[in-house]
Amino acid sequence: MNKTTVLLADDHTLMRNGLRSVLEGFAEIEIVGEASNGQEAVEMTKALLPNVLLVDIAMPLLNGIQVVQMLSKEKISTRCLVLSMHNNEDYILKAAEAGAAGYLLKDSTLDDIHTALRTVAQGEMYFSPAVSGVIVQAYLNKRPAETNDAPKEKRNTPSRKEQVVLRYIV
C-alpha cells in the first residue's frame, strides 16, 4: 500500500501536534514534516515533495494563500489542502484561485480531514459542504446580469434548471 505523505503547516504548535497525533492513526498517511510559517512551508515542500501540504491561511512570513500561489506558480507537484478557521468568501475564493486543491474548516471532523487528504492525494478536489456552498453562491451572485438585448443562446449565465442542479451538487 502506497502511503500518502503529508506536510503540516500551521503557526500553532498545538494544532500541528494535534493533527500529527490523529493523522498518524491512519496507516496510509505518513507525516513527513511540520512548518510553523509560510516560508518554511514553501522550503520544506520543495525539499520533501509530499503528496499533500495541509496548510493554514493565517501564518507569519507568508500566508497560506501566498504559499499555495508560489507552489502553483513553480509547478510543484504537491497538492495543497487549506485547513482554516476562515469561512468567508474572500479567503475561500482566493485560495481556490491560487490553486488550492481543497479547503476545509477547522471545525471539520477527523473523517472529513481524512477523506479530504485521500481525495486530494488522488488528484481530485475537495471542498467541505459549507465551503462548496460559498463557492457556488459566489458564482451565482457574480454572474453577469441578463439583458433583454442578448439572445438567449449568447448568455453566459446558467439557466434556472442549471442553477437548481448546481445547488443539488453542493
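A residue counts as partly exposed when its relative accessible area falls between the cut-offs for buried, under 20%, and exposed, over 50%. In this predicted model, L110 has a relative accessible area of 34%, so it is partly exposed. L110 belongs to helix 5, which covers residues 110-121. Setting aside neighbours within four places in sequence, L110 touches V22, L23 and F26. One of these contacts spans a good stretch of chain: V22 and L110 sit 88 residues apart in sequence, yet their C-alpha atoms are 7.8 Å apart in space.

Strand 1 tells another story. Its run is residues 4-9, and six of its six residues are buried. Side chains in a regular strand alternate between the two faces of the sheet. Here, T4, V6 and L8 point one way, while T5, L7 and A9 point the other, and all of them are buried. On one side of the pairing picture, strand 1 runs parallel to strand 2 (residues 29-35), with six bridges between them. To get from strand 1 to strand 2, the chain passes through helix 1 (residues 13-23), and this β-α-β crossover is right-handed. Strand 1 also pairs with strand 3, again in parallel, through four bridges. A9 takes part in both pairings: A35 stands opposite A9 in strand 2, and V55 is the bridge partner of A9 in strand 3.

Just past strand 3 (52-55) comes D56, in the loop that leads to helix 3 (64-73). Is D56 buried or exposed? Its relative accessibility is 5%, and because buried means under 20%, D56 counts as buried. The side chain of D56 makes a polar contact with the side chain of K106, at 3.5 Å. Beyond residues up to four places away in sequence, D56 touches K106 along with A9, D10, D11, G64, L83 and S84.

As for the nonpolar interior, the largest core holds 26 residues, and L53, V67, V82 and Y103 have the most contacts inside it. Elements giving two or more residues to this core include strand 1, helix 2 (38-48), strand 3, strand 4 (79-84) and helix 6 (129-142). Helix 3 provides the largest share, four residues. V67 itself, leaving out neighbours within four places in sequence, is in contact with G38, A41, V42, L53, M59 and L62. Apart from the largest core lies another core, of 18 residues, with I31, I113, A116 and L117 among them.

How values were computed. Residues are numbered from 1 along each chain as its sequence is written. This is a predicted model: local features need pLDDT of at least 70, side-chain atom pairs count only at pLDDT 80 or more; totals for chains, interfaces and linings use all residues. Side-chain values use heavy atoms; hydrogens and water are left out. Buried means under 20% relative accessible area, exposed over 50%, partly exposed in between (1.4 Å probe, protein chains only). A polar contact is a pair of N or O atoms within 3.5 Å; within protein, one must be able to donate a hydrogen and the other to accept it, and residues adjacent in sequence count only if both atoms are side-chain atoms. Contact means heavy atoms within 4.5 Å. Two strands pair if DSSP finds at least two bridges between them. A crossover is right-handed if, with the strands pointing away from the viewer, the path from the first strand over the helix to the second runs clockwise. A nonpolar core is a set of buried Ala, Val, Leu, Ile, Met, Phe, Trp, Tyr and Cys residues joined through side-chain atoms within 4.5 Å.
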